[in-house]
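Q: I'm new to this structure and would like a close look at a single part of it. Could you take me through how the pieces of one chain sit against each other, and then against the neighbouring chain?

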Amino acid sequence: MTMLVDAYTIFWREIKRYKKSRSGILIRLIQPAIWIIVMGNTFASTRPLIQSVGFHGSYIEFMAPGVIMLTAIFTSIFGGVNTLWDRRYGFMNKALVSPVSRSSIALGKMLAISLISTLQSSLILGIALALGVHIANLFVIFPILLTVTIFSLGFSGISVIVAATSKSQETFWGVINFLGMPLFMLSPALFPLELLPSWLAFAARLNPVTYSVLLIRQMMTGTVQMLPVAIELSVICGFVIVMVALASYVFTREVNKPF
Amino acid sequence: MIIIAIYNRSITYFLLYAVETDNLSKVYSSGLKAVDEISIKVKNGEIFGFLGPNGAGKSTTIMILTTLLKPTSGNAFVAGFDVTTNAKAVRENIGYVQQDSTVDEYLTGRENLELQARVNHIPKNVRSKRVDEILEIIELSDRQHEAAVTYSGGMRKRLDIGGGLLNMPKVLFLDEPTLGLDIQTRYKIWEYIKKIHDEFGMSIFLTTHYMDEADKLCDNISIIDNGKIKITGSPKELKNALGNEIVVFEIDSSDKINTLVSNIKKLTTVKDVSIDGTMITVFTTSGDQLTPQIFQHANDLAIKIENISLTKPTLDDVFLSHTGRELREDDGKYDRKKVRERMRRIRA
Ligand SMILES: Nc1ncnc2c1ncn2[C@@H]1O[C@H](COP(=O)(O)OP(=O)(O)OP(=O)(O)O)[C@@H](O)[C@H]1O
Ligand SMILES: [Mg+2]
């Protein structure tokens, strides 16, 4: 219980800071917006290919879930960087000498990143809808965003782990860029898995991003089926549980060392 | 749970020492021994000063005492609890104001304090009142709703100190509370420290390398250098130990300086002598008696005294006599690596 209250305190602080540095929000939206517009039109002619694997909409509609996930991936994987600032500029020590447990600091950060990621992704969803992307019905927006929230909670764990183990910004950004793009590309975000060479498709099957993209796509096109959704949800939730546990473990271990 | 709580309470109630360390050492992974077998006792309710030059190991010691670093060996107890085995209890009983400002610039002064009140588990119903009180004490009530970016260095420091008081700690750690502040602000901060000490009655453990600060504020001090405790006592005791007076004089050449000094050392009123080039400092119980004797001895050796003056010892002199550079170079243990380490720290 105290653990959750403490996590909420850290969450509260992160969100407050986020609100005060709002200038970044729009800038971070530009990139995914460009993706939708440029990629969506460049690859419009691949429609027959995509139709051949059973997707009936336009290419933009195919990739819209991918771009929502792109936003979620990058917002959450970058989100932990302020851990480094906190360690350098003292907030971390303030929290570490208080009765708040190390795990709740990690959890609070992850919850905040996950909310921020959901907000950013909802804006992208809005842009996609404005560009004429068709969705089955408006009520799927809520479960789509919930999927983003849950996924981001797990993915932000990567960010918190990398931030807690790196001593410098350079290391952090190096590792994060090394991880982020491949995890995005190695998923059906831009192309159907069915069209990938089998070894790539296999690798993509190991990637939690894949299951989130598939789930969101199914919800958007209204092709939700019991069994696939159950599989996707359990993979995503399993991933989140593992990441929360791993992140609190690594975070606790690392912050006890001198910075 | 309740029994433990009562037990913990009774420990602190009958507490004799706010801080107690026993051969405490810290070796960093670089191999540097930043804290070297220190044993200190800080009485409950006193203001204790931890004095030392840059890189002496003050912050490292504080970080061990506040549970941020694990000691390499030795024991430390804060508010009666072991910092390694009972870290949580220690954290519930301390306030810690770091050397570098930790004010969150994006947040307002009030929000900064609210955040700290939350992490310190101050119950919701008293939180806002407590924050008001602290803002009053640190005289920031009128600017509490402005973002902390707009605060001056002194205001930030006050906010930092206020943050350390929120949970009404039994032991308050202040790491260099007036570093980098101008004289007026330093005096102001000293007043706050005195005021909160009178008002809350907590023990205060402060580090500084300003002697006047220690002299003004502290009941007892320890001087630390190269990770080792050099001497402990009240400022008055330490000054008296040097003698009541100091005679400083300069001679024309350092040729026979060693003979002169060894002759002076034999005089009954002399407590200690230190040399810096052609400048000689003599600590004595009676300057009036000593001055003519110095002239006599210099005359015998045909040494000319260029100038001479008589002063009262300050803590600066205590500090010099225990950590003086000439001492360190003479004993052959002047450690280049350590000096480089220190320079690196300052630059970083
Ligand atoms: N994280 C670290 N890793 C390795 N060495 C360190 C680390 N932190 C401090 N040191 C070294 O330990 C020694 C003591 O440092 P410390 O910060 O405790 O000194 P200090 O007395 O607080 O000095 P100052 O007055 O400059 O704040 C220094 O030589 C410093 O270089
Ligand atoms: Mg220091």
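A: Let's start where domain 1 and domain 2 of chain B meet: in this predicted model, they bury about 1,500 Å² between them, and 66% of that is on carbon and sulfur atoms. On the domain 1 side of chain B, the residues that lose the most area to domain 2 are B:Leu32, B:Met211 and B:Asn226. Together these three make up 33% of what that side buries.

To place this on the chain, domain 1 of chain B is assigned to residues 13–233 and domain 2 to 237–345. Domain 1 of chain B puts 18 residues into the contact, while domain 2 of chain B puts in 14. If you take the centres of the two domains of chain B over their C-alpha atoms, they are 35 Å apart.

What about charged and polar links across this boundary? Between domain 1 and domain 2 of chain B, the count of salt bridges is zero. The count of residue pairs in polar contact across the same domain interface, with both residues at pLDDT 80 or more, is zero too.

Now for the elements involved. On the side of domain 1 of chain B that touches domain 2, three of them give two or more residues: α8 (211–217), β10 (220–225) and β11 (228–233) of chain B. The largest share comes from β11(B), with four residues. Sorted by class, that side of domain 1 of chain B has eight nonpolar, seven polar and three charged residues.

Strand β11 of chain B is worth a second look, since B:Lys228 lies in it. B:Lys228 makes a salt bridge with B:Asp36, and their closest N and O atoms are 2.9 Å apart. B:Asp36 belongs to strand β2 (residues 33–38) of chain B, so this pair ties together parts that are 192 residues apart in sequence. Over all chains, the whole structure has 20 salt bridges.

Next, turn to where chain B meets chain A. Here the buried area is about 2,500 Å², with carbon and sulfur atoms giving 59% of it. Chain B brings 28 residues to this contact and chain A brings 25. In chain B, B:Tyr106, B:Arg118 and B:Val119 lose the most area to chain A, and together they account for 24% of what that side buries.

How many salt bridges are there between chain B and chain A? The count is three. In one salt bridge, the side chain of B:Glu111 meets that of A:Lys16, at 3.4 Å from N to O. There are also eight residue pairs in polar contact across the interface of chain B and chain A, both residues being at pLDDT 80 or more.

The elements of chain B that give two or more residues to the side touching chain A are α3 (87–92), β7 (94–97) and α4 (109–119). Of the elements, α4(B) gives the most, with six residues. By class, that side of chain B has eleven nonpolar, nine polar and eight charged residues.

One last stop, over in chain A. The structure has 19 aromatic pairs over all chains, and A:Phe151 with A:Phe155 is a stacked one, at 4.9 Å centre to centre and 25° between the planes. Both A:Phe151 and A:Phe155 lie in helix α8 (residues 141–165) of chain A, four residues apart, which is about one turn of the helix.

Key. Residues numbered from 1 in each chain as written. Chains lettered and ligands numbered in written order. Predicted model: local features only at pLDDT ≥ 70, side-chain atom pairs only at ≥ 80, totals over all residues. Heavy atoms only, no water. Domains from an automatic or database assignment. Contact = heavy atoms within 4.5 Å. Buried area = accessible area lost by both parts, 1.4 Å probe. Salt bridge = Lys/Arg side-chain N within 4 Å of Asp/Glu carboxyl O. Polar contact = N/O pair within 3.5 Å; in protein donor to acceptor, adjacent residues only side chain to side chain. Nonpolar A, V, L, I, M, F, W, Y, C, P; charged D, E, K, R; others polar. Phe/Tyr/Trp six-rings, centres within 6.5 Å; stacked < 30°, edge-to-face > 60°.
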